[in-house]
Amino acid sequence: MYLIHVRLRAPGGSTSTADLAGIIGSFAEDRDRLEHVSVHRTLPGEVTVGFFSLVASLTEAEESAARVAGRAVSDHPDLAGFAVGSVGAALVPGPWWDLS
């Protein structure tokens, strides 16, 4: 499973769209093999969307997340004016990392 973060910029700084994870997830197709979507409000006017994907490679996971997010901001009226900022794999520390 891959975790891909997509940063979305909101128009006018408002990220209060209800059920943003559900809206974005509804744009996934079978080939996206999307397992779960999470949303974290980060900076004012920006949200980070986490795509948990079961595709075969990191490249496919990033392409899928970009495709789904792009369709959502282009086609859903509640996301009018939103823009995709960046798309990339999230690095999650493992037990082998010395974080002390």
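**Entry 1: Asp32**

I looked up Asp32 and found it buried, with a relative accessible area of 0%. I note that this is a predicted model. I then asked which residue pairs with Asp32 at 2.7 Å between the closest N and O atoms. The partner in that salt bridge is Arg67. Asp32 sits in the loop between H1 and E2, Arg67 sits in helix H2, and the pair links parts of the chain that are 35 residues apart. I read Arg67 as partly exposed, at 26% relative accessibility.

Asp32 also meets Arg71 in a salt bridge, at 3.1 Å from N to O. Arg71 belongs to helix H2 and Asp32 to the loop between H1 and E2, so this pair ties together parts that are 39 residues apart in sequence. I checked both ends for burial: Asp32 and Arg71 are each buried.

**Entry 2: Arg71 and Glu29**

Is Arg71 buried or exposed by its relative accessibility? The value for Arg71 is 18%, and buried means under 20%, so I enter Arg71 as buried.

I next looked for Glu29 and found a salt bridge from Glu29 to Arg71, with the closest N and O atoms 3.8 Å apart. A salt bridge here requires a nitrogen within 4 Å of a carboxyl oxygen, and I therefore keep the Glu29 to Arg71 pair at 3.8 Å on the list. Glu29 lies in the loop between helix H1 (20-25) and strand E2 (34-41), while Arg71 lies in helix H2 (residues 58-75), so the contact ties together parts that are 42 residues apart in sequence. Glu29 is partly exposed, with 38% relative accessible area.

**Entry 3: the network**

I asked how many salt bridges the structure holds. The count is four. I also looked up which residues are linked in a network of salt bridges. The members are Glu29, Arg31, Asp32, Arg67 and Arg71. As a reminder to myself, side chains of opposite charge can pair when their charged atoms come close.

For the charges of the whole protein chain, I have 7 positive and 12 negative side chains. The centres of these two sets lie 3 Å apart.

**Entry 4: Arg33**

I went on to Arg33, in the loop between H1 and E2. Arg33 has a positive phi of about 45 degrees, although it is not a glycine. I flagged this because most residues other than glycine have a negative phi. Arg33 is partly exposed, at 45% relative accessibility.

**Entry 5: the whole chain**

I then stepped back to the fold. The protein chain has two helices and four strands, and along the sequence they run β-α-β-β-α-β. The radius of gyration is 14 Å, close to the 13 Å that the globule rule gives for 100 residues, so I enter the chain as being as compact as a globular protein of that length. Along the principal axes, the C-alpha atoms fill a box of roughly 45 × 35 × 20 Å.

I looked up burial for the protein chain as a whole: 35% of its 100 residues count as buried. The accessible surface comes to about 5700 Å², and 54% of it belongs to carbon and sulfur atoms.

Last, I checked the contacts in the protein chain with a separation of 6 or more. Residues 24 or more positions apart account for 69% of them.

Notes: Residues numbered from 1 in each chain as written. Predicted model: local features only at pLDDT ≥ 70, side-chain atom pairs only at ≥ 80, totals over all residues. Heavy atoms only, no water. Rg over C-alpha atoms; globule rule 2.2 N^0.38 Å. Buried < 20%, exposed > 50% of the residue type's maximum accessible area, 1.4 Å probe, protein only. Contact = heavy atoms within 4.5 Å. Areas by Shrake-Rupley, 256 points an atom, 1.4 Å probe, with all protein chains shown as cover. Lys, Arg positive; Asp, Glu negative; His and termini not counted. Charge placed at Lys NZ, Arg CZ, Asp CG, Glu CD. Salt bridge = Lys/Arg side-chain N within 4 Å of Asp/Glu carboxyl O.
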